[in-house]
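Biologist: I would like a close look at a single part of this model. Please take one strand and work outward from there.

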Amino acid sequence: MSNILHNATVDTLLERRSIRKFKPKPLSDDIVETLETVAQHAASSQFLNDWSAIRITDPAAKKRLAEIGGQPYIATAPLLYVFVLDEHRNAAIAASKGVETASDEFTLNGYRYTQAQNDAVLALHAMETAAYSLGLGCVILGSLLNDVPALIDLLNLPEYTYPVLGLAIGKPDQDPALKPRMPRSMQFFENEYPSSNETLLAGLQDFDEEVHRYYDLRNTERPVDTFSDQIASNAVDSGVTSKAVAPNAKHQGFRLER
């Protein structure tokens, strides 16, 4: 790491860690406006602005999200968002201009699905980084997708939308250690993908040991498998069926009817 150039932005990103315990202190309107405006300045494919974010302030809704995610701390987040890929708004705009959205020529329900999801993730990451730069802590909530139908109903998501990720934000009430990162040689390649697994996995043993030490120090009462063992475990069906539903193949994951 000695050759890394440092400035405030780089250091904010290098120090990023997930925060799952927040101080019970509300965040100011200025902070909310700043974070939401920053998210709006993230890159947007073809400038279609095909994402939205739902700010969750109702305690009952927070509690329900915590139940869906199976993580009680979700309900305690001072600021909580669910980012949504959103072609509903664009469909409404197109319809107002005379486009027949039920026709075969309508394109926002196909390829744009993937791009809209990318845009939502980019916006979320911009908000997360800005929050860290302001001394706040965050955790990205993929767990909200444990039960997509329930999430859709809770958020009243209309046609041509789909939930992507959640983001919890607040003043940190914990200081977890930085999680190890994979060797660059295992994630960054030059000109082409490695032609052999031996080359691809060089450095895995050292990374396994580093990850194992990290988890042992974080929770001494519950040893955690090495990184490669975790990958192997997640690569097979454990017999537990998630409530999350796969995107509808015909309509690329959009909710087409309520």
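What follows is a walk around one strand and its neighbours.

Biologist: Take β2 (79-86). Which residues of β2 are buried on one side and which on the other? Which strands does β2 pair with, and over how many bridges? Which helix has buried residues that pack against β2?

Modeller: A caution first: this is a predicted model. Now the setting. The chain has 258 residues, and 36% of them are buried. Its secondary structure comes to nine helices and four strands. Along the sequence the pattern reads α-α-β-α-β-α-α-β-α-β-α-α-α. Among contacts with a separation of 6 or more, 80% join residues 24 or more positions apart. The accessible surface is about 15800 Å². Carbon and sulfur atoms hold 52% of that surface.

Now to β2 itself. Eight of its eight residues are buried. In a regular strand, side chains alternate between the two faces of the sheet. The strand can be read that way, face by face. On one side sit L79, Y81, F83 and L85. On the other sit L80, V82, V84 and D86. Every one of these residues is buried, so both faces of β2 are covered.

Start with the face that carries the aromatic residues. Y81 and F83 are both buried. The structure holds three aromatic pairs. Y81 and F83 form an aromatic pair with a tilted geometry. Their centres are 6.2 Å apart, with 50° between the planes. That angle counts as tilted because stacked planes lie under 30 degrees apart and edge-to-face planes over 60. W51 joins Y81 and F83 in one aromatic cluster.

Next come the edges of β2. One neighbour is β1 (residues 51-55). The two strands run antiparallel and share five bridges. A53 has F83 of β2 as its bridge partner. F83 therefore has two roles here: bridge partner of A53 and member of the aromatic cluster.

The other neighbour is β4 (residues 161-170). β2 and β4 are again antiparallel, over eight bridges. L80 stands opposite A168 in β4. V82 stands opposite G166 in β4.

β4 is also paired with β3 (137-141). The sense is antiparallel, over five bridges. V139 has A168 of β4 as its bridge partner. A168 thus connects the two pairings: L80 stands opposite A168, and V139 is bridged to A168.

How enclosed is β4? Nine of its 10 residues are buried, so β4 is largely enclosed by the rest of the structure. T161 lies in this strand. At 3% relative accessibility, T161 counts as buried, because the cut-off is under 20%. A polar atom of the T161 side chain lies 2.6 Å from the backbone oxygen of P158.

Now the helix against β2. This is α4 (residues 88-96). Its buried residues are N90, A91 and A94. They cover an arc of only 100° around the axis, which puts them on the same side of α4. An α-helix has 3.6 residues a turn, so residues three or four places apart point the same way. The buried residues of α4 pack against β2. After α4 comes G98, with a positive phi near 95°.

Two loops complete the surroundings. The first lies between β3 and α6 (148-155), and D147 is found there. D147 is buried, with a relative accessible area of 15%. The D147 side chain reaches the backbone nitrogen of A150 at 3.2 Å.

The second loop leaves β4 and leads to α7 (197-200). S185 is found in this loop. At 47% relative accessibility, S185 counts as partly exposed. S185 and L200 are 15 residues apart along the chain. Their C-alpha atoms are separated by 7.8 Å.

To put β2 back together: β2 pairs with β1 and with β4. The buried residues of α4 pack against β2. Both faces of the strand are covered.

Terms used: Residues numbered from 1 in each chain as written. Predicted model: local features only at pLDDT ≥ 70, side-chain atom pairs only at ≥ 80, totals over all residues. Heavy atoms only, no water. Buried < 20%, exposed > 50% of the residue type's maximum accessible area, 1.4 Å probe, protein only. Arc of directions from axis to C-beta. Contact = heavy atoms within 4.5 Å. Polar contact = N/O pair within 3.5 Å; in protein donor to acceptor, adjacent residues only side chain to side chain. Phe/Tyr/Trp six-rings, centres within 6.5 Å; stacked < 30°, edge-to-face > 60°. Areas by Shrake-Rupley, 256 points an atom, 1.4 Å probe, with all protein chains shown as cover.
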